[in-house]
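Grab a pencil and have a go at these exercises. Try each task yourself before you read the worked solution.

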Amino acid sequence: MDSESGGGLVLQGMNKHFGRVHAVRDVSLEVPAGEFFTLLGPSGCGKTTLLRIIAGLEMPDEGRVLLGGKDITDLPATRRQVNTVFQSYALFPHLTVFENVAFGLRSRKFPQDEINERVGKRLEMLGLEEMAQRRPDQLSGGQKQRVALARALVNEPEVLLLDEPMSALDAKLRAQVQVELRRLQQKLGRTFILVTHDQDEAMVVSDRIAVMRDGAVIQSGTPEEVYDAPRTRFVAEFLGAANLISGKVVDGGLQTELGFLHLEETPPWSQGTVAIRPEWIRLHESPPAQNGIRGRVREVIFRGTDYDLWMEPGPLRVRSHTYKHFKPGDEIWLELAPDELVVLHEA
Ligand code: ATP
């Protein structure tokens, strides 16, 4: 499926100001139908504004929104095949779970049989049948979140917008709901667009991620593409941990404070930065053939499945999966292999 069919969404040259704040800057995106797409970025980067533009709750200053190939920029929110799940869930406190989910269908005057069938199906899909007669204050955070999802899905929208829907859940429940949400989206095959500032969440659920900063999309791609090949310092540090190493280009590599490093690709600058993730640095008892650095352990942090080692020189951060127990002062060879060094595009 592509952006011309069903829930395929296209944003063209989107711009939005609030007074002097340029909240959305020249954003153009294509989300094929059936994709789980995430807008990821820190607070204030414009992701909620972009989501509200797609929902029809905010008008852009410039730019068009296309859904299934049709221009919906001027269509009111209520006439768009789009539903939103908000951070606050926005459930009606005096209505039962069943009636909360049925609300949209009742206001559109659906017959009772069809309401029973559609609501029943969604409650079952989200494991809420037993709770149909409870009120929201008799539910846990995770259950409320599922009611909000059921209520949005019962309308069978072509696009489901999710505005930080898991931020009120504790870490363990959030991890569980993320997996459920991903499975649900795959089962339904609908387009989901999620807004989050949580990079782990973005990686777990998404087919593709757009990283935003200051109103603009600065990189987009699959989670693997964005994690493995960040183009800027910001993306490298925002998605996971990264060691950033600056240097000057010399013949065949980079002269850095850590010494000479061979690179696989030639940088587009003469002076700049390369990145390497902590888990990509290999540890050796004897010097590796290339890009070896003698490191001394400064601090060891136990993380359950592995250790984080803060090393000198650097401070370089290294993730160790070995069961060898390092302690401060231990010396070891570090290999920063050329194919693990990512050349950042900015100088
Ligand atoms: P958060 O994760 O904190 O919700 P966000 O990335 O979703 O942040 P937006 O809510 O889209 O960011 O806000 C982008 C910028 O626009 C911010 O500087 C914000 O203060 C500003 N802004 C958003 N809505 C309005 C508004 N209605 N009036 C004035 N400024 C606004």
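**Exercise 1.** Find the loop that holds Glu 164, and work out what is unusual about this residue's phi.

*Solution.* Start with the place: Glu 164 sits in the loop between β7 (159-163) and α5 (171-188). This is a predicted model, by the way. Next, check the backbone: the phi of Glu 164 is positive, about 45°, even though the residue is not a glycine. Most residues other than glycine have a negative phi. Finally, look around: Glu 164 is one of the residues surrounding the ligand.

**Exercise 2.** Which atoms of Gly 44, Lys 47 and Thr 49 lie close to a ligand oxygen?

*Solution.* Take them in turn. For Gly 44, a backbone N or O atom lies 2.7 Å from an oxygen atom of the ligand. For Lys 47, a polar side-chain atom lies 2.7 Å from a ligand oxygen. For Thr 49, a polar side-chain atom lies 2.5 Å from one.

**Exercise 3.** Describe how α2 (97-107) and α3 (112-125) cross.

*Solution.* First the angle: their axes come within 10 Å and cross at roughly 125°. Angles over 145 count as roughly antiparallel and 65 to 115 as roughly perpendicular, so α2 and α3 are oblique to each other. Then the hand: the crossing is right-handed. The residues of this contact divide into 8 nonpolar, 2 polar and 2 charged.

**Exercise 4.** Where are the cis peptide bonds leading to Pro 313 and Pro 315?

*Solution.* One runs from Glu 312 to Pro 313, with omega near 0°. Another runs from Gly 314 to Pro 315, with omega near 5°. Now place them: Pro 313 is in the loop between β17 (307-312) and β18 (316-320), and Pro 315 is found in the loop between β17 and β18 too.

Definitions and conventions. Residues numbered from 1 in each chain as written. Predicted model: local features only at pLDDT ≥ 70, side-chain atom pairs only at ≥ 80, totals over all residues. Heavy atoms only, no water. Axes fitted to C-alpha atoms, helices over the stretch in contact; angles between N-to-C directions. Helix = DSSP H or I, 4+ residues; strand = E, 2+ residues; numbered from the N terminus. Parallel < 35°, antiparallel > 145°, perpendicular 65-115°, else oblique. Left-handed = near helix turned anticlockwise from the far one by under 90°. Nonpolar A, V, L, I, M, F, W, Y, C, P; charged D, E, K, R; others polar. Near = heavy atom within 4 Å. Polar contact = N/O pair within 3.5 Å; in protein donor to acceptor, adjacent residues only side chain to side chain.
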